[in-house]
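User: Hi! I'd like to go through this model with you and hear the reasoning behind each label. Could you start with the terms for exposure?

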Amino acid sequence: MKLYTAILAPNPRRVHLFLAEKGLYDSIERIELDLATQTKVPDHLRRNPLGLVPVLELDDGRFLTESRAICTYVEAIHPEPNLMGLMPEECAFIEMFDRRIEFGVLYPLANWVRHGHPGLVVLENPQIAQVADVASEKARAAMVWLDEDLSQRDYVAGNRFTIADITTYCALEFARLVKFKPWETHPNIARWRDLVRARPSFAIT
Ligand SMILES: N[C@@H](CCC(=O)N[C@@H](CS)C(=O)NCC(=O)O)C(=O)O
């Protein structure tokens, strides 16, 4: 298998951390693409018509896209340690929290960064200041419920580390590009962030 990826981008990073937690980060070949020049070209559009990363090339030559789908596949072929749930209820709740973070935290933060950081104009052109403003408001509001959620449990989806923590961490790290550091103002996010950053797998970030 080969992973087409970009080290600093949040969605590829989700897959990197997931692989690291599984002890697979160094055993799958990673091909770094320059997002400004190497994703909207025929070679990559053949792998993913949307021109995005990550893309996992399977040994039979098929291309699997979408971070969560890649993680689901990796979880199925390397079940240990479990990151997506064991019993039906647990799987469903972990997915619920993961998707809540993906849509409620990662998307607004990504829009804020893509429309608000001058360096991202190569990916988002035209950049629209109003989109950045609206996204930043949504992201700030999301931090309130995330902080409240994290006052009630150790991790994003419960009392153990899961894929939802990976998604959350990658989203918040990306927001550093617009100097947004919610852990400085939200104590439960700060407590959680220290907890996950101490994991050996996070040494890759
Ligand atoms: N829903 C997709 C989103 C993938 C995505 O947006 N990837 C970004 C990097 S985080 C990308 O390839 N951007 C290049 C571009 O916008 O041209 C997933 O979960 O993998």
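Analyst: Happy to! Buried means under 20% relative accessible area, exposed means over 50%, and partly exposed is what lies in between. Please keep in mind that this is a predicted model.

User: Why is Glu66 called partly exposed?

Analyst: Glu66 has a relative accessibility of 47%. Partly exposed covers values between 20% and 50%, so Glu66 at 47% counts as partly exposed. You will find Glu66 in the loop between β4 (63–65) and α3.

User: What makes the backbone of Glu66 worth a remark?

Analyst: The sign of its phi: Glu66 has a positive value of about 80°, although it is not a glycine. Lys179 is another such case, a residue other than glycine with a positive phi, here near 60°.

User: Where is Lys179, and is it buried or exposed?

Analyst: Lys179 sits in the loop between α6 (163–174) and α7 (187–197). Its relative accessible area is 71%, and the label exposed needs over 50%, so Lys179 is exposed.

User: How do you know which label Ser67 gets?

Analyst: The same test works. Ser67 has a relative accessible area of 4%; buried means under 20%, therefore Ser67 is buried. Ser67 belongs to helix α3 (residues 67–77).

User: What makes the pair Ser67 and Asn11 a polar contact?

Analyst: A polar atom of the Ser67 side chain lies 3.5 Å from the backbone oxygen of Asn11. The cut-off is within 3.5 Å, with one atom able to donate a hydrogen and the other to accept it, so this pair sits at the limit and counts.

User: Which residues are closest to the ligand?

Analyst: The closest are Lys40, Val53, Glu66, Ser67 and Arg114, and the ligand has 13 residues around it in total. By class, that shell holds 7 nonpolar, 2 polar and 4 charged residues. Helix α1 (residues 10–21) gives the most to the shell, with 4 residues.

User: How do you know which side chains make polar contacts with the ligand?

Analyst: We set each distance against the 3.5 Å limit. A polar side-chain atom of Lys40 is 2.5 Å from a ligand oxygen, and for Arg114 the distance to a ligand oxygen is 3.0 Å. In the side chain of Asn11, an N or O atom is 3.5 Å from an oxygen of the ligand. Each pair is within 3.5 Å, so each counts as a polar contact. As for cover, the ligand on its own has 510 Å² of accessible area, and the protein covers 87% of it. The space that the ligand takes is the largest pocket.

User: Why is Cys91 called partly exposed?

Analyst: Its relative accessible area is 27%, which lies between the 20% and 50% limits, so Cys91 is partly exposed. Cys91 lies in helix α4 (residues 88–116). From Cys91 to Ser27 there are 64 residues in sequence and 27 Å in space, C-alpha to C-alpha.

User: Which peptide bonds are cis?

Analyst: One joins Glu80 and Pro81, with omega at about -10°. Another runs from Asn125 to Pro126, where omega is near 10°. Pro81 is in the loop between α3 and α4, while Pro126 is in the loop between α4 and α5 (129–152).

Conventions. Residues are numbered from 1 along each chain as its sequence is written. This is a predicted model: local features need pLDDT of at least 70, side-chain atom pairs count only at pLDDT 80 or more; totals for chains, interfaces and linings use all residues. Side-chain values use heavy atoms; hydrogens and water are left out. A residue is near a molecule or strand if one of its heavy atoms lies within 4 Å of it. Accessible areas come from the Shrake-Rupley method with a 1.4 Å probe; for residues, only the protein chains shown count as cover. On a 1 Å grid over the protein atoms alone, a cavity is a set of points where a 1.4 Å probe fits but cannot get out, and a pocket is an open set with protein on both sides within 12 Å along at least five of seven lines; lining residues have an atom within 4 Å of a point. A molecule sits in a cavity or pocket if more than half of its atoms lie within 2 Å of its grid points. Helices (H or I, at least four residues) and strands (E, at least two) are DSSP runs, numbered from the N terminus. Ala, Val, Leu, Ile, Met, Phe, Trp, Tyr, Cys and Pro count as nonpolar, Asp, Glu, Lys and Arg as charged, and the others, Gly among them, as polar. Buried means under 20% relative accessible area, exposed over 50%, partly exposed in between (1.4 Å probe, protein chains only).
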